[in-house]
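Q: I am new to this structure and would like a close look at a single part of it, the aromatic rings and their surroundings. Please explain each term as you go.

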Amino acid sequence: MLTRVRDNPVLAVVAALWQWFTAFRRTRPFWGGLWMMLGGWTIMSLTIAPIVVTLSSGASGISGYVLGGGMIVLGLMAWFAPSQRLVAGLMGGIFAVAAFVASNLGGFLIGTLLGIVGAAMVFGWGPKKPRRKAES
């Protein structure tokens with residue numbers, strides 16, 4: 001199997017990309033950010049209406065876009081700035097709960113639940129501590 005990867009340049013590139021993705025995923029709150037972005041996408045997708053209707057309904061029409069988009073941005077922030085995970089997790093949870101009240105029950109409860117679970121995972125994530133060397 002290893003010789004096949006070395007001989008085939010496409011498989012070598014795929015293997016290198018998979019190694020990069022694995023390292024990326026293990027050094028940041030990947031799954032929490034993904035759940036939070038899925039929750040934000042759900043909230044935004046269930047509030048789609050013509051722009052005239054959205055603007056004429058005022059804050060309640062725009063809140064789905066603001067809160068859902070904010071959750072997507074906070075999920076990306078958790079991925080690309082893991083040192084800010086506490087802020088991203090806290091604000092993501094607040095946005096998810098606020099979307100329940102302000103935007104179609106938070107994507108008919110699905111977006112709110114995904115956002116709360118993702119925000120909790122981002123907030124609770126901690127960087128992996130390096131192993132101690134065995135003393136001889």
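A: What follows looks at the aromatic rings and then at the helix that carries some of them.

This is a predicted model, in which local features need pLDDT of at least 70 and side-chain atom pairs count only at pLDDT 80 or more, while totals for chains, interfaces and linings use all residues. Residues are numbered from 1 along each chain as its sequence is written, and side-chain values use heavy atoms, with hydrogens and water left out.

A pair of aromatic rings is described by the distance of the centres and the angle of the planes. Here, rings of Phe, Tyr and Trp (for Trp, the six-membered ring) pair if their centres lie within 6.5 Å, and planes under 30 degrees apart count as stacked, over 60 as edge-to-face and the rest as tilted. Across the whole structure, a search finds eight aromatic pairs. One of them joins W18 and F21, which is a tilted pair because the ring centres are 5.6 Å apart and the planes stand at 45 degrees. These two residues, W18 and F21, are three residues apart in helix α2 (residues 9-26), and are therefore separated by about one helical turn; helices, for this purpose, are DSSP runs of H or I with at least four residues, numbered from the N terminus. An α-helix has 3.6 residues a turn, so residues three or four places apart point the same way.

An aromatic pair that is edge-to-face is formed by F30 and W31, with 5.0 Å from centre to centre and 85 degrees between the planes. As for cover, a residue is buried under 20% relative accessible area, exposed over 50% and partly exposed in between (1.4 Å probe, protein chains only). By these limits F30 is buried, with a relative accessible area of 9%, whereas W31 is partly exposed at 46%. In the tilted pair, W18 is exposed at 53%, and F21 counts as partly exposed at 24%. Ring pairs link both of these couples into a cluster made of W18, W20, F21, F24, F30, W31, W79 and F80.

Turning to the helix itself, α2 has 18 residues and reaches 26 Å from its first C-alpha to its last, close to the 26 Å expected, where the expected span is 1.5 Å times one less than the number of residues. The N-terminal end of α2 is capped by N8, which has a side-chain oxygen 3.1 Å from the backbone nitrogen of V10.

Conventions: A polar contact is a pair of N or O atoms within 3.5 Å; within protein, one must be able to donate a hydrogen and the other to accept it, and residues adjacent in sequence count only if both atoms are side-chain atoms.
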